[in-house]
Structure formats: structure tokens, C-alpha cells
Amino acid sequence: MSTWNSRGLRGSTLEDLVNRSNEQYGEKGLALIQKIPTPITPVKIDKENRHITLAYFDQRSTVDYIGVVQGIPVCFDAKECSVDTFPLANIHPHQVKFMENFEKQSGIAFILIFFSHVDEFYYLPFRTLLCFWNRMQEGGRKSFRREELDPAYYLPKKSGFLVPYLEGLSLDLKMRD
């Protein structure tokens, strides 16, 4: 049985692409971004192979990535979606709160979404996420559709980076001015 489609590996390819892009940005001196590990407490360890076989999450993680882009603090989460409707249940309230507080400290927060069924990356500015989030909190849709998104934030494939999210960040910064 193949494990490629298993729930445990969901998103790992996206993570690999983002990690490699972070390396590329770092090598070119454009950004310094780190993957934030999810804190866990091991319960069972296979002593022979030195692998954790059972663990639980210590605390809620904030976002997947944090760092700085040419003096600008950034934090973001990377999500994969295989349909045209993105469920807001994929983002947790503590993450929204963290991103909101991060922006209050003059940082830039965003979500990278990989729409795998159309092979497209999307940069979702935090202010846009917050609009969808608030709509849900007020009893509206618990998701958003691709057709609701600003097409300007789809990330180009030609920039030489696997996930060229600095293109989205650049546009985000222009829209804030």
C-alpha cells in the first residue's frame, strides 16, 4: 500500500518546496526564514532504532515559518488545498491571533496556499484572511472560494524560485502604502 496519499504525509511536499525556496532566498541574501518545529513530547521511543513511535503535541504551534526579509519581519503558514474551496477550519484561532499580534508589531503575516489541483501557489495577505475569518465569526461561510481571491496574488512560475512568495510580499507591501 502506498503512503503517498496518507494523512500523515499530507503537505510534506509543499513543506519541501517552501523549505527549498527559503534556502534559495537565503543563498541570494534576500531573506532569512526558518521553519518552526511543532513542539512534541515523546511517549514511546523505539530504543533499537532511536525513533519516536508515539508522541503528543506539547502546545499549540503558531505558524510554520518566521524570519526576516530585508529588514521586514515576516511570519507565514503554508497550506495545501485540492479543491477550489478553502476551509477556514485549516487555520486555527490561535494562529490568527498570533498573526494579528505579529502585524501589530509591524511585521507582515500571510498564508501560502498551494491549490494542488491546478498547480498554483497563492499569497493570501493577512488582511484578506481576516476578512474571511471575520465573515465566518459573524455566521457567514466557513470557507472561501478561489473566485473570491484577488488574482494579482497568484505567484508566477517564472521567477526561478520554487515558491516565489517574495513576489506576493512585494505586492502586499505596495498595497499597504
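Contact, in what follows, means that heavy atoms lie within 4.5 Å of each other. Keep that in mind while you move through this structure, which is a predicted model.

**Stop 1: Asn22 and its neighbours**

Begin by selecting Asn22, which you will find in helix H1, the helix made of residues 12-27. If residues up to four places away in sequence are left aside, Asn22 touches Ile33, Tyr65, Phe76 and Tyr165, so it is worth showing these side chains together with Asn22. Is Asn22 buried or exposed? Its relative accessible area is 7%, and because buried means under 20%, Asn22 counts as buried.

**Stop 2: the sheet**

Next, show the strands as a cartoon and look for an open sheet of five strands, whose order is E1-E4-E5-E7-E8 and whose pairing is mixed. In general, the strands of a sheet pair through backbone hydrogen bonds, and they do so in either a parallel or an antiparallel way. At the edges of this sheet you will find strand E1 (32-35) and strand E8 (120-125), each of which pairs on one side only. As you turn the view, follow the twist, which averages 25 degrees from one strand to the next.

Now select strand E5 (residues 72-81) together with strand E7 (residues 108-115), which run parallel and are joined by eight bridges. For one position to look at along this pair, pick Cys75, which stands opposite Ala109 in E7.

**Stop 3: helices that pack on the sheet**

With the sheet still displayed, add helix H2 (residues 93-104), which packs on the sheet and touches strand E4 (65-69), E5 and E7. The direction of H2 makes about 155 degrees with that of E5. Then add helix H3 (residues 126-137), which also packs on the sheet, where H3 touches E7 and E8, and whose direction makes about 80 degrees with that of E8.

Stay with H3 for a moment and check its length: at 1.5 Å a residue its 12 residues should span 16 Å, and its end C-alpha atoms are indeed 16 Å apart. Which residues of H3 are buried? They are Phe126, Leu129, Phe132, Trp133 and Met136. Looking down the axis, you will see that these residues cover an arc of only 125 degrees, which puts them on the same side of H3. The elements that cover the buried residues of H3 include H2, E7, E8 and E9. Just after H3, select Gly139, which takes a positive phi of about 95 degrees.

**Stop 4: two loop residues with positive phi**

Most residues other than glycine have a negative phi. Against that background, select Ser106 in the loop between H2 and E7, where phi is near 75 degrees, a positive value in a residue other than glycine. Ser106 counts as exposed, with a relative accessibility of 58%. Then move to Asp119 in the loop between E7 and E8, which has a positive phi of about 55 degrees although it is not a glycine. Asp119, at 40% relative accessibility, counts as partly exposed.

**Stop 5: aromatic pairs**

Now show the aromatic side chains, among which 14 aromatic pairs are counted. Select Tyr122 and Tyr153, whose ring centres are 6.4 Å apart and whose planes stand at 65 degrees, so the pair is edge-to-face. Tyr122 belongs to strand E8 and Tyr153 to the loop between strand E9 (143-145) and H4, so this pair ties together parts that are 31 residues apart in sequence. Both Tyr122 and Tyr153 are buried.

For a second pair, select Phe132 and Phe144, where the ring centres are 4.4 Å apart and the planes are at 10 degrees, so the pair is stacked. Phe132 lies in helix H3 and Phe144 in strand E9, so the parts tied together here are 12 residues apart in sequence. Phe132 and Phe144 are both buried.

To see a wider group, select the aromatic cluster whose members include Tyr25, Tyr65, Phe76, Phe110, Tyr122, Tyr153 and Tyr165.

**Stop 6: helix H4**

Finish at helix H4 (residues 165-176), which has 12 residues and reaches 17 Å from its first C-alpha to its last, close to the 16 Å expected at 1.5 Å a residue. Its buried residues are Tyr165, Leu166, Gly168, Leu169 and Asp172. Seen down the axis of H4, these buried residues fall within an arc of 150 degrees, so they line one face of the helix.

Terms used:
Residues are numbered from 1 along each chain as its sequence is written. This is a predicted model: local features need pLDDT of at least 70, side-chain atom pairs count only at pLDDT 80 or more; totals for chains, interfaces and linings use all residues. Side-chain values use heavy atoms; hydrogens and water are left out. Helices (H or I, at least four residues) and strands (E, at least two) are DSSP runs, numbered from the N terminus. The expected span of a helix is 1.5 Å times one less than its number of residues. Buried means under 20% relative accessible area, exposed over 50%, partly exposed in between (1.4 Å probe, protein chains only). The arc is that of the directions from the helix axis to the C-beta atoms. Two strands pair if DSSP finds at least two bridges between them. Axes are lines fitted to C-alpha atoms, for helices over the stretch in contact, and angles run from 0 to 180 degrees between N-to-C directions. Rings of Phe, Tyr and Trp (its six-membered ring) pair if their centres lie within 6.5 Å; planes under 30 degrees apart count as stacked, over 60 as edge-to-face and the rest as tilted.
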